Amino acid sequence: MTPTLSLKDIRKSFGGVTAIQNFSLDLFPGEIVALVGDNGAGKSTLIKIVSGVHLPTSGDIALDGESVSFSDASAARSHGIEVVYQDLALADEQPVYMNMFLGRELTRKLFGLLDKGKMREETQSLVDQLDVRIPSASSTIRDLSGGQRQGIAIARATHWASKLILLDEPTAALGVAETEKVEELVASLKERNLAILIISHSLDQVFRLSDRICVLRRGEQIGVKKTADTDKNEIIAMITGVHNQ
Amino acid sequence: MTKPINAIKSLDLQRSVIYFGFLGIFLFFAVILYDDGFLTSRNLTNIVLQTAPATIMAIGLVFALSAGEIDLSFGSIVAVSALSAAMAMQSGPMMLGVAAGLGAGILIGAFNGVLVAYLRLPSFLVTLATMGLFAGVARTMTDLRSISVLNDTFAGIFGSGKLFGVPSLVIWTIIAVVIGHITYRNTRFGAHVLAVGDNARAAQVSGIKVPRVRLMVLMLCGATAGLAGLLYAGRLQAAKYTLGESDLMTVIAAVIVGGTALNGGKGSIIGALLGSLMMGMLNNGLILMGLQVSDQMIVRGLIILLAVAISLRDVRR
Ligand SMILES: Nc1ncnc2c1ncn2[C@@H]1O[C@H](COP(=O)(O)OP(=O)(O)OP(=O)(O)O)[C@@H](O)[C@H]1O
Ligand SMILES: [Mg+2]
């Protein structure tokens, strides 16, 4: 099977600082890979490389076997890659449906005016489908809870992604119940045959969700393990570099 | 029982303050100035005519503020545009004057816009500087002299003319408000303006060309100020460097009172229209009340302060 995303020998340095090096990973459709590592390990940098925010200093990126290079975030998006950013990238004063269609608003044929009705409808059916419970598609983002916002950001990514979704600490700011809800949501994306790369600092979450775990330490790729074949102690040892068996 | 309470709770104070303020001031003057002719259709029409330039500039400012920018230079643009139009029409045809007036406005707006959008200088400082710069330019254009506009067609279309009995300034106001409102609420450009002012980074990662939006809103401010300059020149049949000088406070107050957020992402064209009419009523009413100019200024300042304080209450919580 061709991997959805294939990274080979990715390296990125900022001036003298090497944020990531020798990174290689294949990500398959319907697979969830967790990216773990301490603060500053290079996780966000890696996501930014895949999403077109940063160009890698060297290395190859391939999508469905075809080599690609993204000049900016829009270029990655047009290839079916969506990102759920740590800060969610939602416009707080705008209604849910406008956020769902941010930058890709639907218009009518007549004078190219916005088709708000259709955007509202599609948003409603999408949040219903994903069971994100919000008062309505017209609610203002500012009036929603953290979990609801996270749900909207993920629903938006789901709606537009045709290949790959990247999630940067999607539950960092959430309570227990809301975290559970978001995890359910992420798990359900597998059925859509999307490839998913998720950054998380919660190992419990990583073990609940992922098929494989990829460990980074100070920009080095320490290893990739099948979640079923490893345990927390091993992963912690890989993250910290300390073996305390 | 709970329904009315919920209705009151769900009332967006920021959005509704303008309706109450507008109605309150209208009723106040209608009662105490009844004998002075406040309610006559002639006086009411006059208010609309006098506020036309401010209303049109307010529309540009709604777009700028919604995108998270501000324009302080529009008053100076008015003068430069009016003078450019008047000078062009001294020897040239009307269309040349219109092109010169609008062109000057759009060009100055583009100048502001390029500095803000591509050099990332704060619009507050850029337009504060260009406000002074172009006030100076307006003064040097004619050596402080005023020039008259002798073109009757121009004076009709942009000033005292009528179409089917409706004064042209009223028609300009209606056209500007309708186009402004539809653009703001129902086009992709309007949505992008709001998104940029709300969360520029989110807009950018969503593929919205943020610098272009910033450039466009400042050009739009220049264009509306240019049109306002033409309307002043048309109504007065003359242009002078003092035109637009006193509009800065009025227009900003009209827009803020009309429910547009100072920090972007939220606003209303209809609110700005009502805000502008409210400022016009205030001017008109205070004059009819026989207040001296200095007292008018004080009262107007206090009322604007009050209205702005109420409109912004929500933001500071
Ligand atoms: N734009 C940049 N310029 C310079 N250095 C950068 C830049 N972005 C990241 N870095 C550096 O690269 C390294 C990796 O950062 P990165 O944000 O990828 O870490 P992370 O694994 O996401 O950490 P965290 O868990 O804290 O989010 C850090 O040393 C960081 O300082
Ligand atoms: Mg990070």
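Ligand 1 in this predicted model is surrounded by A:Phe14, A:Ala19, A:Asp38, A:Asn39, A:Gly40, A:Ala41, A:Gly42, A:Lys43, A:Ser44, A:Thr45, A:Glu169 and A:His201, where a residue is near a molecule if one of its heavy atoms lies within 4 Å of it. This shell divides into three nonpolar, six polar and three charged residues (Ala, Val, Leu, Ile, Met, Phe, Trp, Tyr, Cys and Pro count as nonpolar, Asp, Glu, Lys and Arg as charged, and the others, Gly among them, as polar). Its largest share, three residues, is supplied by helix α1 (residues 43-50) of chain A; helices here are DSSP runs of H or I with at least four residues, numbered from the N terminus.

Oxygen atoms of ligand 1 also meet polar atoms of the protein. One lies 2.8 Å from a polar backbone atom of A:Gly40, and an N or O atom in the side chain of A:Ser44 is 2.8 Å from a ligand oxygen. For A:Thr45, a polar side-chain atom is found 2.5 Å from an oxygen of ligand 1. Taken alone, the ligand exposes 630 Å², of which the protein buries 61% (Shrake-Rupley method, 1.4 Å probe).

Turning to chain B, helix α2 (residues 13-32) contains B:Phe28. With 45% relative accessibility, B:Phe28 counts as partly exposed, because that class lies between buried (under 20%) and exposed (over 50%), with a 1.4 Å probe and protein chains only.

Residues are numbered from 1 along each chain as its sequence is written, with chains lettered from A and ligands numbered from 1 in the order in which they are written. Local features need pLDDT of at least 70, side-chain atom pairs count only at pLDDT 80 or more, and totals for chains, interfaces and linings use all residues, while side-chain values use heavy atoms, leaving out hydrogens and water.

Definitions and conventions. Polar contact = N/O pair within 3.5 Å; in protein donor to acceptor, adjacent residues only side chain to side chain. Helix = DSSP H or I, 4+ residues; strand = E, 2+ residues; numbered from the N terminus.
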